[in-house]
Amino acid sequence: MKKFLCLLFATFVAVGLSACSSHGNEPENPDNTENPDNPDKPNPTGKTLIVYYSFTNNVHTIVTDLLTQIEADAVRIEPAEEGLDYAANNYAIGSALIQAIRNNPNDAASYPEIKPVEVNIADYDRIIIGAPLWWSNMAAPLQAFLFHHGDEMKGKDIGLIVSSASSGISGVEADAKRLIPEGNFLEPSLWIRSSQTSNCHSLIADWILHLTILNKTTL
């Protein structure tokens, strides 16, 4: 009888130690989405990719600031032909590129060649597009990237940031939705005028906060 009681007691002790050990290995806050390296940056489930083109570097400045506020990878689109002066002759080259796309938007030959981009879009849950406005449309090199990869963004959350001098951005939004026909576009888009670029930090912060409220998630 004593042996049986001793054996029973030992079993209870072993079970109790096992339960304590298991509990000790659990994270203290498994639902905590705070980024331990920078608590001020949102760190949501899934990954964010920023894809952008920048000729005057306005969009590059915006993306650089955005990367201080969210966790994301960034890819800069570059034309295959280097050294083109899009500003020459009243932006004659850029105007011709946009007109070629307008004439036949479903033909791959209408889009300018861009440098190869090594990115696996399937790895990302949300894509942010950083786009300059050219003649009321999205800059041609960025359109070229989306023409070839827009279908890979099906079902993903799509955020749009547009830089322009003063023109409205509805044409750029229309281009994005045409090139990513099954994307889940987050509203509103962020429009940053050229004159606002150097002070874009607060505009970006407000945009992120607004998207968080509307979509119950963060970028």
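**Exercise 1. Which elements each supply at least two residues of the lining of the largest cavity?**

Solution. This is a predicted model. Start with the count: there are 2 cavities of 30 Å³ or more. Next, take the space inside: the largest cavity holds about 40 Å³. Then list its lining: I158, L160, E173, K177, F185, L186, E187 and S189. Finally, assign elements. β5 and α5 (170-179) each supply at least two residues of that lining.

**Exercise 2. Describe the chain as a whole, then say where confidence is low.**

Solution. Begin with the elements. The protein chain has 6 helices and 7 strands. Along the sequence they follow the pattern α-β-α-β-α-β-β-α-β-α-β-β-α.

Now turn to burial and surface. Of the 219 residues in the protein chain, 37% are buried. The chain exposes about 12,500 Å², and carbon and sulfur atoms supply 52% of that area.

Then look at contacts. Among those in the protein chain with a separation of 6 or more, 76% are between residues 24 or more positions apart.

Last, check confidence. The average pLDDT of the protein chain is 83, and 76% of the residues score at least 70. Residues 1-37 stay under 50 in pLDDT. For this stretch the model has 5 contacts beyond four places in sequence.

**Exercise 3. Place I127 in the fold and decide: is I127 buried or exposed?**

Solution. First, locate the residue. I127 lies in strand β3, which covers residues 126-134.

Second, test its accessibility. A residue is buried under 20% relative accessible area. I127 has a relative accessibility of 0%, so it counts as buried.

Third, find what surrounds it. Neighbours within four places in sequence are set aside. I127 then contacts L49, V51, I121, M153, K156, D157, I158 and G159. I158 also lines the largest cavity.

Fourth, take one distance. A74 is 53 residues away from I127 along the chain, and their C-alpha atoms are 9.7 Å apart.

**Exercise 4. Work out how many residues of β3 are buried, and on which faces.**

Solution. Count first. In β3, 9 of the 9 residues are buried, so the strand is largely enclosed by the rest of the structure.

Now split the strand by face. In a regular strand, side chains alternate between the two faces of the sheet. One side of β3 carries R126, I128, G130, P132 and W134. The other carries I127, I129, A131 and L133. All of these are buried, which leaves both faces of β3 covered.

**Exercise 5. Which strands pair with β3, and in which sense?**

Solution. Take the partners one at a time.

- β1 (residues 48-52) pairs with β3 in the parallel sense over 5 bridges. Here L49 stands opposite I127. L49 is also one of the contacts of I127.
- β5 (residues 157-164) runs parallel to β3, and 7 bridges join them. S163 in β5 is the bridge partner of P132.
- β4 (residues 137-138) pairs with β3 in the antiparallel sense over 2 bridges. In this pair W134 stands opposite N137.

Now look at the link between β3 and β4. They form a hairpin with 2 residues between them. W135, in the turn, has a positive phi of about 50°.

Put the steps together. β3 has parallel pairings with β1 and β5, and an antiparallel one with β4. β5 also takes part in lining the largest cavity.

How values were computed:
Residues numbered from 1 in each chain as written. Predicted model: local features only at pLDDT ≥ 70, side-chain atom pairs only at ≥ 80, totals over all residues. Heavy atoms only, no water. Helix = DSSP H or I, 4+ residues; strand = E, 2+ residues; numbered from the N terminus. Buried < 20%, exposed > 50% of the residue type's maximum accessible area, 1.4 Å probe, protein only. Contact = heavy atoms within 4.5 Å. Pairing = 2+ DSSP bridges. Areas by Shrake-Rupley, 256 points an atom, 1.4 Å probe, with all protein chains shown as cover. pLDDT = per-residue confidence, 0-100. 1 Å grid on protein atoms, 1.4 Å probe; cavity = no way out; pocket = protein on both sides within 12 Å on 5 of 7 lines; lining within 4 Å. Points joined across faces, edges and corners; volume = space filled by probe spheres on them.
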